[in-house]
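Here is a friendly briefing to keep beside you while you turn the structure on your screen. Have the sequence at hand as well.

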Amino acid sequence: MDKLDRKILAELQMDGRLSLTELAERVGLSLSPCHRRLRALEQSGAITGYRAQLDAETLGLTFESLVFVTMRDGDRDTVAAFEEAVARVANVVRAQRLFGDPDYLLQVVASDVRTFQRLYDEQLSALPGVQRLSSTLVMKNVIENRPLPL
């Protein structure tokens, strides 16, 4: 990956809806070489997809919580069952496995505290292998969806 590839990636991180013509202009390439580089970046896995960023608040998802999960057991089957089950909980918008305690960090969105409580009681606490859940409320997002440093 060279400087031009990094420029392409930087531009697309800022605006994934750029036309190929606009992208080529911004990075200083003609259309064909820009297209070849873009396809190569996609095929290499550097670009994993394109999607719209949605505003949770506009969509009525104004309640955000971080949920720390401590597992009862750390064996392969328990971990796999937990990860498969948590992937099916639509309100979990990010799930990270951690080293140490706790075992997982979940970012959860909901419309309000009642909805979150119901989700917490009925779905999160029922996930396979969960020993303990601990949550904290997000007061404010300071940095969101920051482009990766290139």
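The points below go through the helices, the sheet, a salt bridge, a tyrosine and some backbone details. Please keep in mind that this is a predicted model. Two parts make a good start: helices H1 (residues 3-14) and H2 (residues 20-27), which pack against each other, and an open sheet of 4 strands.

**Helix H1 against helix H2**

- The angle between H1 and H2 is about 125 degrees, and their axes are 10 Å apart.
- That angle makes H1 oblique to H2.
- H1 and H2 cross in the right-handed sense.
- From H1, the contact takes Leu-4, Lys-7, Ile-8, Glu-11 and Leu-12, while H2 brings Leu-23, Arg-26 and Val-27.
- Sorted by class, this contact of H1 with H2 has 5 nonpolar and 3 charged residues, with no polar ones.

**Helix H2 against helix H3**

- H2 and H3 pack with their axes 9 Å apart, at an angle of about 100 degrees.
- H2 and H3 are therefore roughly perpendicular to each other.
- On the H2 side, the contact is made by Leu-20, Thr-21, Leu-23, Ala-24 and Val-27, and on the H3 side by Leu-31, Cys-34, His-35 and Leu-38.
- The contact of H2 with H3 counts 7 nonpolar and 2 polar residues, and no charged residues.

**Helix H1 against helix H3, and a salt bridge**

- For H1 and H3, the packing angle is about 80 degrees and the axes lie 10 Å apart.
- This pair, H1 and H3, is therefore roughly perpendicular.
- H1 offers Leu-4, Asp-5, Ile-8, Leu-9 and Leu-12 to the contact, and H3 offers Cys-34, Arg-37, Leu-38 and Leu-41.
- By class, the residues of the contact of H1 with H3 are 7 nonpolar and 2 charged, with no polar residue.
- How many salt bridges does the structure hold? There are 5 salt bridges.
- One salt bridge joins the side chains of Arg-37 and Asp-5, at 2.9 Å from N to O.
- Arg-37 belongs to helix H3 (residues 31-44) and Asp-5 to helix H1, so this pair ties together parts that are 32 residues apart in sequence.

**The sheet**

- The 4 strands of the open sheet follow the order E2-E3-E1-E4, and their pairing is antiparallel.
- Strands E2 (92-97) and E4 (130-137) stand at the edges with a single partner strand each, so one side of each has no neighbour in the sheet.
- On average, neighbouring strands of this sheet are turned by 20 degrees against each other, direction ignored.
- Strand E1 (residues 63-71) pairs with E4 in the antiparallel sense over 7 bridges.
- Which residue in E4 does Met-71 stand opposite? Met-71 faces Val-130 there.
- E2 and strand E3 (residues 104-110) also run antiparallel, joined by 5 bridges.
- Arg-94 has Gln-107 in E3 as its bridge partner.

**A tyrosine in helix H5**

- Tyr-120 is part of helix H5 (residues 113-124).
- Tyr-120 and Phe-68 are 52 residues apart in sequence, and their C-alpha atoms are 12 Å apart in space.
- Leaving aside neighbours within four places in sequence, Tyr-120 is in contact with Val-67, Ser-125, Leu-133, Ser-134 and Ser-135.

**Backbone details**

- As background, most peptide bonds are trans, and most residues other than glycine have a negative phi.
- The peptide bond from Asp-101 to Pro-102 is cis, with omega near 5 degrees.
- Pro-102 is found in the loop between E2 and E3.
- The hairpin of E2 and E3 has 6 residues between the strands, and Gly-100 in this hairpin takes a positive phi near 80 degrees.
- Asn-145, a residue other than glycine, has a positive phi near 50 degrees.
- To find Asn-145, look in the segment after E4.

Note on methods
Residues numbered from 1 in each chain as written. Predicted model: local features only at pLDDT ≥ 70, side-chain atom pairs only at ≥ 80, totals over all residues. Heavy atoms only, no water. Axes fitted to C-alpha atoms, helices over the stretch in contact; angles between N-to-C directions. Parallel < 35°, antiparallel > 145°, perpendicular 65-115°, else oblique. Left-handed = near helix turned anticlockwise from the far one by under 90°. Contact = heavy atoms within 4.5 Å. Nonpolar A, V, L, I, M, F, W, Y, C, P; charged D, E, K, R; others polar. Pairing = 2+ DSSP bridges. Salt bridge = Lys/Arg side-chain N within 4 Å of Asp/Glu carboxyl O.
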